[in-house]
Amino acid sequence: MAAGAEAAVGSDTPKEIGKATADTLKIGCIAWVEKGGVPRRAEILSIRTIKSGKQFYCNFDNFNKRLDEWVPVTRIDFDRDVEWPKPEAEKAKDPKSKKATAKKTQVSKKAQKRPPSKREQSAAASEANTPHPWTEFVESQDGRKSASVGPDGETQGRDSLEPSTTPGAPDETEAEEKHGGAKETHVFNRKEEIEKLRTSGSMTQNPTEVSRIRNISKVQFGRHDLFPWYFSPYPEIFSQEDVIYICEFCLGYYGDEFSFTRHRRKCNLQHPPGNEIYRDDYVSFFEIDGRRQRTWCRNLCLLSKMFLDHKTLYYDVDPFLFYVMATPSDKGYHIVGYFSKEKESADGYNVACILTLPQYQRKGFGRLLIQFSYELSRIEGKLGSPEKPLSDLGLLSYRQYWSENILDILMGYNEKDEKATIEAISTALAMTTQDVEHTLQALRMQVYHRSDHKIVIPEKLIKQREKSLQKQRRMIDPSRIQWKPPVFTASSRTWGW
């Protein structure tokens, strides 16, 4: 957070109603704020002072969490009454508040009695022995360090996709992976977090990440102005800037235009720093090893974290390969999106994190990313699947891709009058049988008839397919992929601690 910012601590139901000014407005108040030219009811979650003046972080009623934003004083309507939160004295008398406090204390005592696990001891030792360059701003607002391993011991979800995945796909997404852990001292319910994905677009698997306030207001990325959706752990000083500048080739970040302009005159990188493994007239794909290009990959993770709510990896990139999609121009290759992949996945995932940058969303690039990940799995001779759980946008993108391809396969079987099975579809598309079965169930194409499971194609889906075939969809040409599955030593597959 910027200097002078107040941390959001949550608020109870407002009780008092009255007038307010920019100086008296505080966290927990509900005011009328202009959004899209229309005044809307919004709760003040945080307050900060930056170079351009005072700003308020607002959560708008009936709007997705990713649409929260920092607003200047001029957008707040002080002519209308403001709803004030309960005074602290009344909160203390509130029996509900007392019960909640007692419950938290009880949970905290239980957590203190629990002996630390081997993983926690290992992570703590790594934190103590290895100085992380971003330690000061990896802290959450309540002073606790974020962790990538939940209380249930499972690896966190990683990334998202485009109206994927995002967001934050938390279709997406996250996706938006792992970094050094810290012990948690409170109960964390995985099912509740998954429900948050459906209702608020938030899919963080880390309780300390839930209340993170967006720290970057605006990003100039090439010729595009980007407005971040979520918090990203850039150095704290960047939170005080009205806009930060990111080089679209080396992904270096700068707080003032003069420094950025000077950098652009010196930067000679014109494409992602990896091997080009695919090229056609439209896009190219570059394979980048996180161990060999640590700085670039870390900068990519910082950039993607602004659009992936549940992404936790932004420091330890060694165990991952990054496949970056770019479009060519006379200036160089411009990044469109990417997906990351573990060098060795114990669960057989072919995607750990996937993202299409906002300026390229809803243009079919997300589908190309997904298809490319499955083409690589096909070359490896494996069945692929994205890391679960998917973000809200990611789930939509993947389900659309799965349904279109499964429907194409089934229509082919229908024309040949052959019997389709889940295993045959899975092999043909390099998809896991679980993904095939879940997609069939979601589309209501799997029925139980006369003591047997059968696959049917509803007339509605056939009409949808005919309409989609009329549209020109860009596809990956497998014959153009110049790639062999890489082989790594044990040291290159582990964390770089």
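Two strands count as paired when DSSP finds at least two bridges between them. The model shown in these views is predicted.

**Figure 1. A hairpin joins β14 to β15.** The link between strands β14 and β15 has 2 residues. Strand β14 covers residues 320-329. Strand β15 covers residues 332-342. The pair runs antiparallel and is joined by 10 bridges. One point to find is L321, which stands opposite K341 in β15. Strand β15 also pairs with strand β16 (residues 353-356). That pairing is antiparallel too, with 4 bridges. Here S340 has C353 of β16 as its bridge partner. How many of the 11 residues of β15 are buried? The count is 11 of 11, so strand β15 is largely enclosed by the rest of the structure.

**Figure 2. A hairpin of 4 residues joins β12 to β13.** Strand β12 takes in residues 275-279, and strand β13 takes in residues 284-289. The two strands pair in the antiparallel sense. Their pairing has 4 bridges. Look for Y278, which stands opposite F285 in β13. F285 also appears in the next view, among the residues with the most contacts inside the largest nonpolar core.

**Figure 3. The largest nonpolar core holds 73 residues.** Which residues have the most contacts inside this core? They are Y234, I246, F285, L303, F322, F339 and F372. Helix α9 (residues 392-416) gives the core its largest share, 8 residues. Another core lies apart from this one. That other core has 16 residues, including L25, I27, C29 and I76.

**Figure 4. A42 is a buried residue of strand β3.** Strand β3 spans residues 38-50 and includes A42. The relative accessibility of A42 is 0%, so A42 counts as buried. Residues up to four places away in sequence are left out of the next list. A42 touches C29, I30, A31, V33, C58, N59 and F60. Take A31 from that list: A42 and A31 are 11 residues apart along the chain. Their C-alpha atoms are separated by 5.6 Å.

**Figure 5. An open sheet of 4 strands has mixed pairing.** In what order do the strands of this sheet come? The order is β9-β8-β10-β11. The edge strands are β9 (224-226) and β11 (253-254). Each edge strand pairs on one side only. Strand β8 (residues 219-221) and strand β10 (residues 244-246) pair in the parallel sense. This parallel pairing has 3 bridges. V219 stands opposite I244 in β10.

**Figure 6. E387 carries an "active site" annotation from UniProt.** The UniProt entry behind this feature is unreviewed. E387 sits in the loop between helices α8 (365-380) and α9. Is E387 buried or exposed? E387 is buried, with a relative accessible area of 7%. The cut-off for buried is under 20%.

**Figure 7. The buried residues of helix α11 line one face of the helix.** Helix α11 covers residues 433-442. Its buried residues are D435, V436, T439 and L440. Seen down the axis of α11, these residues fall within an arc of 130°, so they line one face. Just after α11 comes R444, with a positive phi of about 60°.

**Figure 8. R362 and R444 take positive phi values.** Neither residue is a glycine. Phi of R362 is about 65°. R362 lies in the loop between β16 and α8. R362 is exposed, with a relative accessible area of 72%. Phi of R444 is near 60°. Where does R444 lie? R444 lies in the loop between α11 and β17 (446-448). R444 is exposed, with a relative accessible area of 69%. The cut-off for exposed is over 50%.

**Figure 9. The whole protein has 12 helices and 18 strands.** The protein has 497 residues, and 51% of them are buried. Its accessible surface comes to about 24700 Å². Carbon and sulfur atoms account for 49% of that surface.

How values were computed: Residues numbered from 1 in each chain as written. Predicted model: local features only at pLDDT ≥ 70, side-chain atom pairs only at ≥ 80, totals over all residues. Heavy atoms only, no water. Buried < 20%, exposed > 50% of the residue type's maximum accessible area, 1.4 Å probe, protein only. Arc of directions from axis to C-beta. Core = buried A, V, L, I, M, F, W, Y, C linked by side-chain atoms within 4.5 Å. Areas by Shrake-Rupley, 256 points an atom, 1.4 Å probe, with all protein chains shown as cover. UniProt positions renumbered as here; feature names shortened; annotations may be inferred. Contact = heavy atoms within 4.5 Å.
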